[in-house]
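Reader: Hi! I've got a model open and would love to talk it through with you. Could we start with how the aromatic rings pair up?

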Amino acid sequence: MAKVAPSILSADFANMGRDIGKLESWGASMVHCDVMDGVYVPNMSFGPQLISAIKPYTSLPLDVHLMITQPERYVEMFAEAGADIITVHQEATVHLHRTLKLISSCGPKVAVSLNPATSISTLENVLEDIDMVLIMTVNPGYGGQSFIPAMLDKIAAMKQMIEESGRDIDIQVDGGVHAGNASDIIQAGANILVAGSAVFGSDDPQKAIKEIGGL
C-alpha cells in the first residue's frame, strides 16, 4: 500500500476549491502542488497565492513541488503561504545543502527531487537533511506523460541507499503513474505516488485513488 498525492495541475482551475475539497473523502493522503516557472521547465502554473487560497479547503498536507530555478528565493514565501512539504530539484539550486536547511528553518518538511537523468549519488551527503526524495519518472514540465520504465531500477536503488543510511525517508514518485503500473512502483520501493490525470481525469476518482494506492 502507498499514499496517493493527486496533482492539482490536472484539477479544474476554475473550480479549484471544489476539487481540492473532495480529495480527502476520495482517500487522498496529501495535495501535490506543481509550481512551474517557465524557465526550469517549459511550462508555467501558479505561485504562492494559490497555495494560500486553497489552504482553507483541505486538512490534507500541501505538498509543494518547486520546479523553478533558484528555488531558495521563494522558499520562505511558500512556507508562509501554507506549504507543509517543500520539494526542490537537485538540479535547480547551486547550494543544495543550504537550500534544504532554509526549508527546514521555515517549518515545512524537506524534500529533494531528481530528474530521470540525475543520479541518486548526488544525495549521498544530504540524506540526513531530508524527509522525502521525489523520483521524477518523466521529464518535468507537462502532465499526461508516459512513465519511463528504467526508473523502476532507480527507485529500488534509492530505497537501498535509504535503508543503508538508517534514515526514515519517504520515496515519492511523480510522472505517468496510474493503476496499471502502481504496483510495480510500490514494489520497487516507493510509498507515495503522485497522480494527476489518472485521478482528476477518471470517471471515478475515489476508485482510481484506491487502485493506485494498492488498497
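Author: Happy to! For a pair, the ring centres of Phe, Tyr or Trp (its six-membered ring) must lie within 6.5 Å; planes under 30 degrees apart are called stacked, over 60 edge-to-face, and the rest tilted. Keep in mind that this is a predicted model.

Reader: Got it. How many aromatic pairs turn up in the whole structure?

Author: A search of the whole structure gives two aromatic pairs. In one of them, the ring centres of Phe-13 and Phe-46 are 6.1 Å apart and the planes meet at 50°, so this pair counts as tilted.

Reader: Where do Phe-13 and Phe-46 lie?

Author: Phe-13 is in the loop between β1 and α1, and Phe-46 is in the loop between β2 and α2, so the pair ties together parts 33 residues apart in sequence.

Reader: And is Phe-46 buried or exposed?

Author: Phe-46 counts as buried, at 12% relative accessibility. Phe-13 has 43% relative accessibility and counts as partly exposed.

Reader: Nice. What about Trp-26 and Phe-200?

Author: Trp-26 and Phe-200 form an edge-to-face aromatic pair, with 6.2 Å from centre to centre and 65° between the planes. Trp-26 belongs to helix α1 and Phe-200 to helix α7, so the pair links distant parts of the chain, 174 residues apart. Both Trp-26 and Phe-200 are buried.

Reader: Since we're at α1, which of its residues are buried?

Author: Helix α1 covers residues 16–26, and its buried residues are Met-16, Gly-17, Asp-19, Ile-20, Leu-23 and Trp-26. They pack against β1 (3–6), β2 (31–36), α2 (48–54), α7 (197–200) and α8 (205–213). Just after α1 comes Gly-27, with a positive phi of about 105°.

Reader: Let's switch to α5. What span should it have, and what do its ends show?

Author: Helix α5 has 15 residues (151–165), and at 1.5 Å a residue these should span 21 Å; the C-alpha atoms at its ends are 21 Å apart, which agrees.

Reader: Which residues of α5 are buried?

Author: Met-151, Lys-154, Ile-155, Met-158, Met-161 and Ile-162 are the buried ones. Looking down the axis of α5, they fall within an arc of 125°, so they line one face of the helix.

Reader: What do the buried residues of α5 pack against?

Author: Their partners are β5 (109–114), β6 (132–136), β7 (170–174) and α6 (182–188). On the face turned away from the buried side, α5 carries the exposed residues Asp-153, Glu-163 and Glu-164.

Reader: And what phi does Gly-166 take, just after α5?

Author: Gly-166 takes a positive phi, of about 80°.

Reader: Fine for a glycine. What about Gln-70 and its phi?

Author: Most residues other than glycine have a negative phi. Gln-70 is not a glycine, yet its phi is positive, at about 45°. You'll find Gln-70 in the loop between β3 (62–67) and α3 (75–81). With a relative accessible area of 41%, Gln-70 is partly exposed.

Reader: I'm also curious about Gly-141. Where is it?

Author: Gly-141 sits in the loop between β6 and α5. Its relative accessibility is 3%, so Gly-141 counts as buried.

Reader: What is Gly-141 in contact with, apart from its sequence neighbours?

Author: Leaving aside neighbours within four places in sequence, Gly-141 is in contact with Met-36, Val-41, Pro-42, Asn-43 and Met-67. The C-alpha atoms of Gly-141 and Val-39 are separated by 9.9 Å, with their positions 102 residues apart along the chain.

Reader: And Asn-181, buried or exposed?

Author: Asn-181 is buried, with a relative accessible area of 10%. It lies in the loop between β7 and α6. Neighbours within four places aside, Asn-181 is in contact with Phe-147 and Gly-176.

Reader: Let's zoom out. How many helices and strands does the protein have?

Author: The protein has eight helices and eight strands. Its radius of gyration is 16 Å, close to the 17 Å that the globule rule gives for 215 residues, so the protein is as compact as a globular protein of that length.

Reader: What share of the residues is buried?

Author: Of the 215 residues, 53% count as buried. The accessible surface comes to about 9500 Å², and 47% of that belongs to carbon and sulfur atoms.

Conventions:
Residues are numbered from 1 along each chain as its sequence is written. This is a predicted model: local features need pLDDT of at least 70, side-chain atom pairs count only at pLDDT 80 or more; totals for chains, interfaces and linings use all residues. Side-chain values use heavy atoms; hydrogens and water are left out. Helices (H or I, at least four residues) and strands (E, at least two) are DSSP runs, numbered from the N terminus. The expected span of a helix is 1.5 Å times one less than its number of residues. Buried means under 20% relative accessible area, exposed over 50%, partly exposed in between (1.4 Å probe, protein chains only). The arc is that of the directions from the helix axis to the C-beta atoms. Contact means heavy atoms within 4.5 Å. The radius of gyration is taken over C-alpha atoms; the globule rule is 2.2 Å times the number of residues to the power 0.38. Accessible areas come from the Shrake-Rupley method with a 1.4 Å probe; for residues, only the protein chains shown count as cover.
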